[in-house]
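Student: I'd like to go through this model with you, piece by piece. Can we start once it's on the screen?

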Amino acid sequence: MGTNLELHEVSGINKIVDRLGGFVTKNEKIILNGKRYTFPSDLVSVEDHLIAFDKELGSGVAGTVFSGYDFTTETRVAVKRITMPEEKYKADWIKGRVINQVTATKASRGDVFGPRFSPKGYGFFVMPLAETSLDKIQWSTLEASKVKGIIRDILLQLKEFHSKGFIHMDIKMDNILMTKGKAFLADFSECRVNGVMFQTFHGKQSDYPQMPPEVFMGTNIMATPSIDVYSVGFLIACIFRYAPHRTDLLGLRALSLKMMDPDFQCRPTVDYSLKILG
């Protein structure tokens, strides 16, 4: 299947995939109404869009992200494939994690569609394809103004995200993507609704260094913006691990220390952090 399909062909194939539960795998032999079908790539049908999978971009506990091609809009996209749990846990998982994740992604990006659930045990949603992530940036040589611009982008997105009632809960280098020089939040699989109590993390803080100390206290705590503020502070601290001799970014280093205050009540707000950043 090439990328030059006529619109009626796209529509026809999309209907086939849709009838098969929304997802078919590469080279899977399918017989439908007496006709045999095979496809040269994984395909998913989401909200009238026919998406062909390309290559895996990354994976984690919550699922795997692939690059893909949207035949309906003729654009490159990213597809998140979420592996669903066994049947007895599926309803709670969909309600508590998948829908929350998609809703949060839409709140941050807007141009997101899905989810689509397949009887093969997967959930899918589709979002714009980024160019790179912060963990691939050359921090030692990037201009100071661009470094500050990236942090400003993150804080402005967080301000908007928090205003819509969500806490990200997993801000780190590989969860911040870049497109056309602009940074934006990604991977909302751990997000929580602002003000809602959640079970604190198991394990040690060294296992999740981007998370503040209060989430390891062993009791339920409230999801608040100060958790994300700490994580941004840790992200800034990581820049100096990659570029320890950057004397032109000492103001950022000082901001990082304030944001990572062990006492959540002493951390600056996102608005105040933006003011300090200038």
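Student: Which helix does Lys 15 lie in?

Tutor: Before that, a word on the ground rules: this is a predicted model, where local features need pLDDT of at least 70, side-chain atom pairs count only at pLDDT 80 or more, and totals for chains, interfaces and linings use all residues. Residues are numbered from 1 along each chain as its sequence is written, and side-chain values use heavy atoms, with hydrogens and water left out. Helices (H or I, at least four residues) and strands (E, at least two) are DSSP runs numbered from the N terminus. Residues 7–19 make up one such helix, and Lys 15 falls in it: helix H1.

Student: Is Lys 15 buried or exposed?

Tutor: Buried means under 20% relative accessible area, exposed over 50%, and partly exposed in between (1.4 Å probe, protein chains only). Lys 15 has a relative accessible area of 56%, so it counts as exposed.

Student: How far apart in space are Lys 15 and Ser 45, C-alpha to C-alpha?

Tutor: In sequence, 30 residues separate Lys 15 and Ser 45. In space, the C-alpha to C-alpha distance is 8.3 Å.

Student: What is the strand order in the open sheet of 7 strands?

Tutor: Two strands pair if DSSP finds at least two bridges between them. Here the pairing is antiparallel; for instance, S4 (residues 43–46) and S5 share 4 bridges, with Val 46 partnered by His 49 in S5. The edge strands are S1 (23–24) and S8, each pairing on one side only. The order reads S1-S4-S5-S6-S7-S9-S8.

Student: Which residue in S9 does Lys 80 stand opposite?

Tutor: S7 and S9 run antiparallel and are joined by 7 bridges. S9 is mostly covered, with 5 of its 7 residues buried. Opposite Lys 80 in S9 stands Phe 125.

Student: Which residue in the turn of the S8 and S9 hairpin has a positive phi?

Tutor: S8 (residues 113–118) pairs with S9 in the antiparallel sense over 4 bridges, and Phe 117 has Gly 123 as its bridge partner in S9. The hairpin leaves 3 residues between the two strands. The residue with a positive phi, about 95°, is Gly 121.

Student: Why is one side of S10 and of S13 left without a neighbour in the sheet?

Tutor: These strands belong to an open, antiparallel sheet of 3 strands in the order S10-S12-S13. S10 and S12 pair over 2 bridges, with Ser 133 opposite Leu 177 in S12. S10 and S13 stand at the edges, so each has a single partner strand.

Student: Which residues touch the most other members of the largest nonpolar core?

Tutor: A nonpolar core is a set of buried Ala, Val, Leu, Ile, Met, Phe, Trp, Tyr and Cys residues joined through side-chain atoms within 4.5 Å. This one has 38 residues, and the elements supplying at least two of them include H2, helix H3 (144–163) and helix H4 (225–242). The residues asked for are Leu 134, Trp 139, Ile 151, Ile 154 and Leu 252.

Student: How many residues are in the second, separate core?

Tutor: Its members include Ile 13, Val 17, Val 24 and Leu 50. The count for this second core is 13 residues.
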